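Biologist: Got a minute to walk me through this one? I'd like to start with the core and then jump around.

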Amino acid sequence: MKTKYLEIVWATLAALTLFAYLLGYLKIISTAFVALLLFTTFVKGQLVIDYFMGLKGVSWKYRMIPTIWLVVVLSLIGVAYYMPV
Amino acid sequence: MAVVQTPKEKYPPGDFAIWIIIYVELVTFALLFLGYAFSRRGDVALFNESQLMLNQTSGFINTLILVTSSYFVIKAVKAITSMSEESVQEANATASRWLLLAIGCGVAFGFIKSAEFYHIFSQGIGLSTNKFFMFYIMLTAFHFMHVMLGSFILFVIYKKTKNAGYSYGDYRGIETGASYWHMVDLLWIVLFPLIYIIR
């Protein structure tokens with residue numbers, strides 16, 4: 001892996017974190033935005049898993065474990081948020 | 001022209017035992033995250049009202065600090081794993097500088113989180129105040145302990161790099177510590193929007 005990708009990964013993580021913060025800080029977080037926020041959280045988590053944890057280059061079964069964890073957790077958070085009370 | 005593909009490595013970086021610990025930690029935190037998310041359904045108004053008492057800016061700064069520290073750690077790992085037999089001293093010196101920055105991030109996270117806890121506790125808020133604060137304190141304090149442990153692990157690795165302790169082909173130790181640190185980062189990446197933003 002070329003290290004220049006690490007700078008791009010860091011910048012993406014920082015930008016998506018700023019996006020999440022602005023949603024909350026400007027109080028524009030709404031039902032529709034929660035799905036988008038969960039998706040951007042998935043992107044951030046997957047970037048950490050692939051490039052920082054270094055799982056992009058390993059056998060898929062090891063890479064899949066944290067990815068499945070991330071998908072399940074974020075999906076169930078979404079279910080808890082969107083399911084009618 | 002024939003395309004040459006690099007074969008994938010079989011195992012994740014670092015000691016295999018750390019990955020067992022990481023998987024166990026991920027499951028433990030998942031239960032707490034989902035406990036929070038589904039408990040919120042029981043009293044959405046209370047959770048939303050209590051969340052307003054949190055400082056989103058400190059949560060945001062701490063997220064930036066953790067992702068930046070992860071970047072510093074992977075730079076340290078790359079310095080060690082890409083060393084040649086002739087560049088052992090230089091690679092260790094480079095890695096130690098990146099690790100020092102990462103440890104600084106861990107300490108900064110600790111200070112900001114401590115200030116946030118002080119602000120909350122000085123208002124008489126505790127575990128028994130309500131369900132939101134029970135989850136908030138449990139999740140963030142538990143995570144805080146992981147940051148402290150991670151910082152200590154990074155410090156131990158830093159000491160080894162200062163002594164040029166990593167040689168050519170010997171980098172399992174730094175990869176193991178780095179994997180733990182990235183897990184701490186991954187957990188906070190889910191925790192931040194869940195506790196501080198979603199309402």
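Modeller: Sure. In the largest nonpolar core, which has 80 residues, B:A76, B:I80, B:L99, B:A102 and B:L194 touch the most other members. By nonpolar core I mean buried Ala, Val, Leu, Ile, Met, Phe, Trp, Tyr and Cys residues joined through C-beta atoms within 7 Å.

Biologist: Which elements give two or more residues to this core?

Modeller: From chain A, α1 (4-25), α2 (31-52) and α3 (60-82); from chain B, α1, α3, α4 (88-121), α5 (131-162) and α6. The largest share, 17 residues, comes from α6(B). Helices here are DSSP runs of H or I with at least four residues, strands are E runs of at least two, and both are numbered from the N terminus.

Biologist: Before I go on, what am I looking at, and how is the numbering done?

Modeller: It's a predicted model, where local features need pLDDT of at least 70 and side-chain atom pairs count only at pLDDT 80 or more, while totals for chains, interfaces and linings use all residues. Residues are numbered from 1 along each chain as its sequence is written, and chains are lettered from A and ligands numbered from 1 in the order in which they are written.

Biologist: OK, back to B:A76. What is it in contact with, leaving aside neighbours within four places in sequence?

Modeller: B:A95, B:W98, B:L99, B:A102 and B:I174. Contact means that the C-beta atoms, placed from the backbone, lie within 7 Å.

Biologist: And how many residues does each chain put into the contact between A and B?

Modeller: Chain B gives 39 and chain A gives 36. On the chain B side, α1 (16-40), α3 (56-81) and α6 (172-197) each supply at least two residues. That side divides into 24 nonpolar, 6 polar and 9 charged. Nonpolar covers Ala, Val, Leu, Ile, Met, Phe, Trp, Tyr, Cys and Pro; charged is Asp, Glu, Lys and Arg; the others, Gly among them, are polar.

Biologist: New topic: B:W19, buried or exposed?

Modeller: B:W19, in helix α1 of chain B, counts as buried because it has 22 C-beta neighbours inside 10 Å. The cut-offs are 20 or more other C-beta atoms within 10 Å for buried, 12 or fewer for exposed, and partly exposed in between, with C-beta atoms placed from the backbone.

Biologist: Any odd backbone angles?

Modeller: A:K27, in the loop between α1 and α2 of chain A, has a positive phi near 55 degrees without being a glycine. A:K27 is exposed, with 11 other C-beta atoms within 10 Å. B:A164 isn't a glycine either, and its phi is about 50 degrees; B:A164 lies in the loop between α5 and α6 of chain B.

Key: Two residues are in contact if their C-beta atoms, placed from the backbone, lie within 7 Å.
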